[in-house]
Amino acid sequence: MARPRGRLSESSSSSRSLSLGNDDEAASLFDSSMRSHVRSHSRSISWSHSLKLWLKQVNLVDLSSNQSSSPLPCKKIPSKFSENGGAMKDLVEQINIGPSSSKCGPLSILKWGFLFLISVLMLIAALGSRFQSSAPSPNVYRGYRRLREQVMAEFSDIGLFSLRAKEQLGLCSRGVEDFIPCYNVSQNRILGYANGEEYDRHCGFSRPMRQPCLVRPPKDYKIPLRWPTGRDVIWSGNVKITKEQLLSSGSLTKRLMLLEDNQISFRSEDALVVDGVEDYSHQIAEMIGLRNESEFIQAGVHTVLDIGCGFGSFGAHLFSKKLLTMCIAGYELFGSQVQLALERGLPAMLGSFISRQLPYPPLSFDMVHCARCGIDWEQKDGAFLIEVDRVLKPGGYFVWTSPLTNLHGATLNNANRNKWKFIQEFTQKLCWILLSQQEETVVWQKTSSKDCYASRNLGGLPPVCNKGQDVESPYYQPLLSCIGGTLSRRWIPILNQTTWPARMMPRSDLLSIHGLRTEEFLEENQAWRSALKNYWSLLTPLIFSDHPKRPGEDDPLPPFNMVRNVMDMNARYGGLNAALLEAGKTVWVMNVIPMSSSNTLPLILDRGFLGVLHDWCEAFPTYPRTYDMLHAAGLLSQEFTHQYKCGMLDLFLEMDRMLRPEVLPPSSVLFL
């Protein structure tokens with residue numbers, strides 16, 4: 001409702017001949033008159049003009065004739081009273097007091113005393129406004145009503161769409177509670193895929209469900225425990241694994257997991273045995289030449305790609321050291337590593353490089369880790385090792401733990417010896433340096449200098465890729481047989497790059513590599529800081545109000561919250577991710593760059609964030625119920641301006657599949 005305009009009363013003539021003996025009434029009249037004038041004209045006015053208007057109201061000045069309405073028995077103001085000149089002098093000269101008199105009456109003294117007091121106050125106010133004008137002005141939000149109407153109209157459209165979709169959609173059957181489109185092993189085998197490719201992603205040939213439906217949660221589904229408790233304890237009914245399957249898994253899995261009545265506990269932080277996760281990461285740090293894993297960041301290591309991550313215990317431990325680990329693993333029918341890691345609130349996605357490149361640009365990660373990941377690195381003439389080299393940054397590390405490397409192990413027969421020999425020779429051809437080997441663990445370091453490739457003299461060398469092969473958008477691209485990343489302007493050794501968290505704000509010379517100006521980048525980040533405050537004010541009532549208590553925990557208090565896994569479906573430069581970290585939110589963000597937009601994923605990865613390329617006309621490579629919040633700023637308008645094969649219903653079904661089915665608080669989707 002608009003605020004009523006102030007106006008002076010015109011019902012009594014006494015209001016224009018107000019005695020200055022009542023200071024409160026005079027001040028009130030001045031304030032009312034000035035506010036009325038400013039609102040009616042909606043512009044700035046000078047202080048001298050404001051005072052003239054007030055004097056006119058109290059009958060000291062008649063602006064039309066420069067005569068007072070009724071002469072007062074007091075002599076004219078001496079000129080020395082206005083020695084400073086300017087507007088005050090001009091104003092005083094307009095006040096005609098009347099005939100000369102040696103003395104002024106008591107009423108005149110009050111008038112002039114009050115006039116002097118008002119003048120001093122106005123001078124102080126003018127100086128104060130001058131200093132304030134030099135200070136940075138706060139953000140002013142304009143067009144609020146229009147923005148609100150636009151948002152309400154968009155929500156109305158989404159609501160109508162939801163009503164129409166509700167009439168057409170039903171719940172999927174219980175057999176597809178963990179359904180992932182594009183992964184259909186039986187159909188892939190019929191189509192002739194073999195040698196592991198039947199477990200790969202094949203969206204073009206994936207047969208859709210007979211009728212679109214909403215994937216329902218399992219019967220025993222429970223709201224996940226909030227972070228960090230949920231990192232170490234999950235509900236067994238939320239994941240696709242049984243007690244029998246768990247107990248039949250490998251010995252390493254048994255040491256890291258304990259199945260209780262309806263929970264799975266991960267004991268990654270306990271010093272259980274000599275080869276526990278903490279001792280293992282400490283060993284890797286020493287093999288690199290560090291005192292412990294707390295020095296990884298000083299060594300240039302922040303982002304880690306964990307291939308075949310098990311259940312994410314290695315990444316969970318590194319997270320406590322402020323490292324960020326992306327778990328990737330192939331599709332599994334039961335006991336998925338990716339599903340368990342995401343349920344724990346750890347970054348993970350389905351991915352393999354059996355036949356295609358990973359959906360990351362060259363030079364993306366500081367370290368690649370593989371502990372008994374089940375990959376035969378000697379196959380396909382070393383193409384798998386070439387792919388690791390492609391995503392590693394210069395000077396980055398490849399850590400491999402396998403019984404194959406144990407020179408005194410029982411499994412090192414002649415066949416395994418030949419495999420190990422091939423890997424050793426091929427890594428030399430890639431210009432990797434063997435830093436250390438301890439029992440089953442080996443650490444290599446990628447070269448920091450491009451000159452190494454020209455100085456190789458070994459036979460059967462993998463060549464360096466040309467410009468047509470070395471691309472920054474490897475989506476659905478076949479594995480390379482050449483060394484990639486050497487032509488990129490982003491070739492910066494990890495020891496020369498800014499350490500975390502300063503890496504989050506790249507220098508101007510690094511921004512220029514990505515075609516960005518510093519001013520544009522800073523403006524983008526400031527906009528996301530402001531937007532996040534608005535987002536969190538909307539989410540706070542949902543997160544902290546009327547939420548059922550977690551077992552054994554008190555009501556959640558800030559900064560702890562129920563939001564942990566966040567996906568930015570149209571991440572641009574990763575501004576939302578940066579704003580969340582600066583605000584101290586305990587979340588991680590999957591930054592997705594749609595194939596329909598320009599590829600800014602290299603900048604996101606160079607900032608020390610996680611991200612991936614993806615076509616939103618296809619299902620995202622994740623299990624159902626794995627994200628707490630989806631952020632989709634500009635995604636709908638961007639996707640549907642292109643002549644794509646997908647429709648809005650397909651996209652909304654996919655979003656519903658990925659969101660966790662929490663009732664209080666609801667999982668969130670932000671469209672802005």
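Ala, Val, Leu, Ile, Met, Phe, Trp, Tyr, Cys and Pro count as nonpolar; Asp, Glu, Lys and Arg count as charged; the others, Gly among them, count as polar. The model is predicted.

**Exercise 1. Describe the largest cavity: its volume, its lining and the classes of its lining residues.**

Solution.
- Start with the count: there are six cavities of 30 Å³ or more.
- Take the volume: the largest cavity holds about 240 Å³ of space.
- Go to the lining: 19 residues line this cavity, and Arg201, Arg356, Gln357, Pro359 and Tyr475 are the closest to its centre.
- Look for elements: strand 8 (348-350) and strand 15 (610-614) are those that give two or more residues to this lining.
- Rank them: strand 15 gives the most, with three residues.
- Sort by class: the lining has 12 nonpolar, four polar and three charged residues.

**Exercise 2. Describe the second largest cavity in the same way.**

Solution.
- Volume: about 210 Å³ of space lies in the second largest cavity.
- Lining: the residues number 15, with Lys393, Ile492, Gln497, Leu510 and Asp606 the closest to the centre.
- Classes: seven are nonpolar, three polar and five charged.

**Exercise 3. Is Arg390 buried or exposed? Place this residue and list what it touches.**

Solution.
- Place: Arg390 belongs to helix 13, residues 383-391.
- Burial: the relative accessibility of Arg390 is 1%. Buried means under 20%, so Arg390 counts as buried.
- Contacts: leaving out residues up to four places away in sequence, Arg390 touches Gln357, Leu358, Tyr360, Pro361, Pro362, Leu363, Pro474 and Leu480.
- Link back: Gln357, touched by Arg390, is also among the residues closest to the centre of the largest cavity.

How values were computed:
Residues are numbered from 1 along each chain as its sequence is written. This is a predicted model: local features need pLDDT of at least 70, side-chain atom pairs count only at pLDDT 80 or more; totals for chains, interfaces and linings use all residues. Side-chain values use heavy atoms; hydrogens and water are left out. Helices (H or I, at least four residues) and strands (E, at least two) are DSSP runs, numbered from the N terminus. Buried means under 20% relative accessible area, exposed over 50%, partly exposed in between (1.4 Å probe, protein chains only). Contact means heavy atoms within 4.5 Å. On a 1 Å grid over the protein atoms alone, a cavity is a set of points where a 1.4 Å probe fits but cannot get out, and a pocket is an open set with protein on both sides within 12 Å along at least five of seven lines; lining residues have an atom within 4 Å of a point. Grid points are joined across faces, edges and corners, and a volume is the space filled by probe spheres set on the points.
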